[in-house]
Amino acid sequence: IQALKNPGSLRALAGTAMQVDFRLGLTGTPIENSTSDLWAILDQISPGRLVPLTYFRERYATPDYEKMQQLYELIFTYNDDLPPMALRRLKKDVAKDLPTKTRILHAEPMSSAQSATYDEVRRKLISGKRGAALKMLHHIRSVSVHPNIYLDASVQEFIEISARLKATFKILDNIYANKNRALVFIEHIQMQHRFIELLKNRYDLEYVDLINGKTPIKQRQKIVNRFQSHLKNDRGFDVLVLGPKAAGTGLTLTAATHVIHLSRWWNPAVEEQCNDRVHRMGQLKNVTVHVPLSVHPKYEEKSFDLLLHSLMTRKRKLASAA
């Protein structure tokens, strides 16, 4: 049902137009960006039962306690002798035997080369028009991962120039020392391949598998089976590199106990789905989620990574509050 969350989209209109006797919606992420997501889902299932969207937005957009309590009662309890519109089931309530999941932020100051590139892109972002500004925003996002992905440099030089890479390899060095395994989620395809070469070189690995949007379904399962075989035959340290959208759902990778988000999606719900490749049924050990952050020495908490983290924190709070 989460494919129909945008009420004005052709998908949502097509869903509404379907002539059916019974509707059931299932989602693990009912609220991703705003409470309007929840309205769109419920309007597909019980059209007309909620107030109009404009009024709903005015009333429930702000996640203060009183409004969220009213929203909860409207949707999850009996109203006017009608049964609740939704049932809510949380992993922490039904999978109580799961090990703990800990999130750790790893802030690292940018190198002079990275901060200089960041400054240049930021100046263009401020002076650009709307279309150009959006393009620059994506550019500043990639610069925060690495200022020059095509740089011809030694392994150590390439790592040192990027705050996020430095933080990531500090994390991986510790995982390597303890002979544990990790998933590393990277959005950028070029960085996925460059990162794999860095891993092979630094840890003397013969191969490192990758699952992204170009990986055939049969190949995906072979990679998963090979990684999961550590559970029966523990071969020590290993890393699997994945794209967050292609590998963020449907895979069980409980042979890993660490998750690293080298590059982050805009949405905390997508990030949680990535974490749940490891933190799910069959996991017997505690799980640690690592978030490397590039911090510009001049802007500090106003650096892109920290602003993005604040945005994602607000979205998480909105979803849990509702």
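**Figure 1. Phenylalanine 185 and histidine 261 across two paired strands.** In this predicted model, phenylalanine 185 stands opposite histidine 261 of strand 5. The two strands involved, strand 2 and strand 5, pair in the parallel sense, and four bridges join them. Strand 5 is covered on both of its faces. His258 and Ile260 lie on one side of strand 5, Val259 and His261 lie on the other, and all of these residues are buried.

**Figure 2. Strand 5 and strand 6.** Strand 5 runs parallel to strand 6, and three bridges join the two. Histidine 258 has threonine 288 of strand 6 opposite it. Histidine 258 shares one side of strand 5 with Ile260, and both residues are buried.

**Figure 3. The open sheet and its edges.** The sheet is open and is formed by six strands, which follow the order 1-6-5-2-4-3 with parallel pairing. Its edge strands are strand 1 (101-109) and strand 3 (210-211), and each of them pairs on one side only. Strand 3 pairs with strand 4 (residues 238-242) in the parallel sense, over two bridges. Leucine 210 has valine 241 of strand 4 as its bridge partner.

**Figure 4. Helices 13 and 14 packed on the sheet.** Helix 13 (residues 268-275) packs on the sheet, where it touches strand 1, strand 2 (181-185), strand 5 (258-261) and strand 6 (287-295). The direction of helix 13 makes about 115° with that of strand 1. Helix 14 (residues 304-321) also packs on the sheet, touching strand 1 and strand 6. Between the direction of helix 14 and that of strand 6 the angle is about 135°.

**Figure 5. Strand 4, covered on both faces.** Strand 4 is mostly covered, with five of its five residues buried. On one side of strand 4 are Asp238, Leu240 and Leu242, and on the other are Val239 and Val241. Strand 4 pairs with strand 2 in the parallel sense over five bridges. In this pairing, aspartate 238 of strand 4 is the bridge partner of arginine 181. Strand 4 also pairs with strand 3, over two bridges.

**Figure 6. The surroundings of arginine 141.** Arginine 141 is placed in helix 7 (residues 130-145). Its relative accessibility is 7%, so arginine 141 counts as buried. The side chain of arginine 141 is joined to that of glutamate 187 by a polar contact of 2.7 Å. A polar atom of the arginine 141 side chain also lies 2.9 Å from the backbone oxygen of arginine 264. Apart from neighbours within four places in sequence, the residues in contact with arginine 141 are Arg164, Glu187, Arg264, Trp265, Trp266 and Phe304.

**Figure 7. Helix 3 against helix 4.** The axes of helix 3 (residues 53-60) and helix 4 (residues 65-76) come within 9 Å and cross at roughly 135°. Helix 3 is therefore oblique to helix 4. Helix 3 makes the contact through Phe56, Glu58, Arg59 and Tyr60, while helix 4 contributes Lys67, Met68, Gln70, Leu71 and Leu74. Sorted by class, the residues of this contact are five nonpolar, one polar and three charged.

**Figure 8. Aspartate 81 in a loop.** Most residues other than glycine have a negative phi. Aspartate 81 is not a glycine, and its phi is positive, near 65°. This residue lies in the loop between helix 4 and helix 5 (91-94). Is aspartate 81 buried or exposed? Its relative accessible area is 78%, so aspartate 81 is exposed.

**Figure 9. Lysine 179 in a loop before strand 2.** Lysine 179 has a positive phi of about 60°, although this residue is not a glycine. Lysine 179 lies in the loop between helix 9 (163-177) and strand 2. With a relative accessible area of 59%, lysine 179 is exposed.

Terms used:
Residues are numbered from 1 along each chain as its sequence is written. This is a predicted model: local features need pLDDT of at least 70, side-chain atom pairs count only at pLDDT 80 or more; totals for chains, interfaces and linings use all residues. Side-chain values use heavy atoms; hydrogens and water are left out. Axes are lines fitted to C-alpha atoms, for helices over the stretch in contact, and angles run from 0 to 180 degrees between N-to-C directions. Angles under 35 degrees count as roughly parallel, over 145 as roughly antiparallel, 65 to 115 as roughly perpendicular and the rest as oblique. Contact means heavy atoms within 4.5 Å. Ala, Val, Leu, Ile, Met, Phe, Trp, Tyr, Cys and Pro count as nonpolar, Asp, Glu, Lys and Arg as charged, and the others, Gly among them, as polar. Two strands pair if DSSP finds at least two bridges between them. Buried means under 20% relative accessible area, exposed over 50%, partly exposed in between (1.4 Å probe, protein chains only). A polar contact is a pair of N or O atoms within 3.5 Å; within protein, one must be able to donate a hydrogen and the other to accept it, and residues adjacent in sequence count only if both atoms are side-chain atoms.
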